[in-house]
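Dear colleague,

I am passing on the structure we talked about, and I would be glad if you could open it beside this message. My notes on it follow below.

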Amino acid sequence: MARLARSFFARDTRVVARELLGCTFVHILPHGARLSGRIVETEAYRPGDPASHGYRGHTERNAPMFMRPGTAYVYFTYGLHFCFNVSTEAEGVGAAVLVRALEPLNGVEIMQANRRRNRAAAMLPIHALCRGPGNLCKAMALDREHSGVDLCGHSSALFIEPSGNPGGRVRASPRIGVSGDEAAKSVPWRFYVAGNLSVSGPAPNK
DNA sequence: CGCACGATGCGCT
DNA sequence: GCGCATCGTGCGA
């Protein structure tokens with residue numbers, strides 16, 4: 001299947017965030033296994049946005065946000081979690097879409113193993129495997145070594161496949177976990193598929 | 001059910 | 001040092 005071209009990501013971050021819903025995010029592991037899931041929740045982080053890592057300018061960590069649209073930006077936070085983003089807008093512009101949740105499609109058993117804390121722990125329900133940005137990275141085996149990877153490259157292990165439609169009603173809401181600036185907290189730049197069990201936050205998401 | 005908090009690393013002031 | 005685009009647990013109602 002085709003992968004999304006750079007032109008898809010080289011647009012307004014809010015549009016990209018909304019249109020990513022329903023697309024399939026794929027990670028081909030080194031041994032060839034395919035992990036994938038349908039994107040059901042995203043957030044836009046835009047130029048001039050106080051909540052964005054790019055707000056205070058270019059640093060070593062956020063460098064992928066300023067790279068070509070379609071570049072993966074994976075960062076480490078709270079001392080234990082990774083979050084996966086895709087850069088947007090244009091090269092030199094600090095903007096990205098945070099992918100917050102997937103509905104698992106391929107590689108579910110591997111995801112189960114990636115998420116399991118220890119051998120005795122109970123198996124998680126499929127819809128919970130990639131619910132929330134930290135959980136998504138754990139299940140999809142993503143970490144800082146994937147930051148800077150070009151999702152539009154022909155041979156990259158990470159890419160996104162296009163889709164017809166999200167298969168549900170798309171809703172917008174304020175972003176989750178944003179603190180500080182009041183305007184940044186209230187702006188509706190989180191997008192999700194209403195009612196999908198894999199969407200994070202208080203269930204059920206209507 | 002909701003809320004509080006601890007875990008735990010590191011980038012930034 | 002502070003605080004973070006988080007998550008799971010444990011507590012009280």
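I would start with a single residue: Ile110 has a relative accessibility of 28% and therefore counts as partly exposed, since that class lies between the under 20% of buried residues and the over 50% of exposed ones. Please keep in mind throughout that this is a predicted model. Ile110 belongs to helix H3, which covers residues 108-115, and, when its neighbours within four places in sequence are left aside, Ile110 is in contact with Leu29, Ala33 and Leu35. With Ala33 the C-alpha separation is 8.8 Å, although Ile110 and Ala33 are 77 residues apart along the chain.

Next comes helix H2 (residues 13-20), in which Thr13, Val16, Ala17 and Leu20 are buried. These four lie on the same side of H2, because they cover an arc of only 100° around the axis. In general, residues three or four places apart point the same way, because an α-helix has 3.6 residues a turn. The buried residues of H2 pack against helix H1 (6-9) and against the strands E2 (34-45), E5, E6 (158-161) and E8 (190-193). After H2 comes Gly22, which has a positive phi, near 95°.

As for the interior, the largest nonpolar core has 43 residues, and Phe25, Phe84, Leu136 and Ile160 are those with the most contacts inside it. A second core, separate from that one, has ten residues, among them Met65, Tyr73, Ala96 and Leu98. Leu136, not counting residues up to four places away in sequence, touches several residues, including Phe25, Phe84, Val99, Leu102 and Leu142.

Finally, there is the surface near DNA strand C. There are 19 residues around DNA strand C, of which His53, Tyr75, Tyr78, Asn85 and Arg115 come nearest. Of the atoms of DNA strand C that come within 4 Å of the protein, 59% belong to sugar and phosphate. By type, the residues of this surface are seven nonpolar, nine polar and three charged. At least two residues each are supplied by strands E3 (72-77), E4 (81-87) and E5 (96-106) and by helix H4 (133-139), with H4 giving the largest share, three residues.

Three contacts may be worth finding on screen: a polar side-chain atom of Tyr75 lies 3.1 Å from a base nitrogen of DNA strand C, whereas Pro133 places a backbone N or O atom 3.2 Å from a phosphate oxygen of DNA strand C, and a backbone N or O atom of Asn135 likewise lies 3.2 Å from a phosphate oxygen of that strand.

With best wishes

How values were computed:
Residues numbered from 1 in each chain as written. Chains lettered and ligands numbered in written order. Predicted model: local features only at pLDDT ≥ 70, side-chain atom pairs only at ≥ 80, totals over all residues. Heavy atoms only, no water. Near = heavy atom within 4 Å. Polar contact = N/O pair within 3.5 Å; in protein donor to acceptor, adjacent residues only side chain to side chain. Nonpolar A, V, L, I, M, F, W, Y, C, P; charged D, E, K, R; others polar. Buried < 20%, exposed > 50% of the residue type's maximum accessible area, 1.4 Å probe, protein only. Arc of directions from axis to C-beta. Contact = heavy atoms within 4.5 Å. Core = buried A, V, L, I, M, F, W, Y, C linked by side-chain atoms within 4.5 Å.
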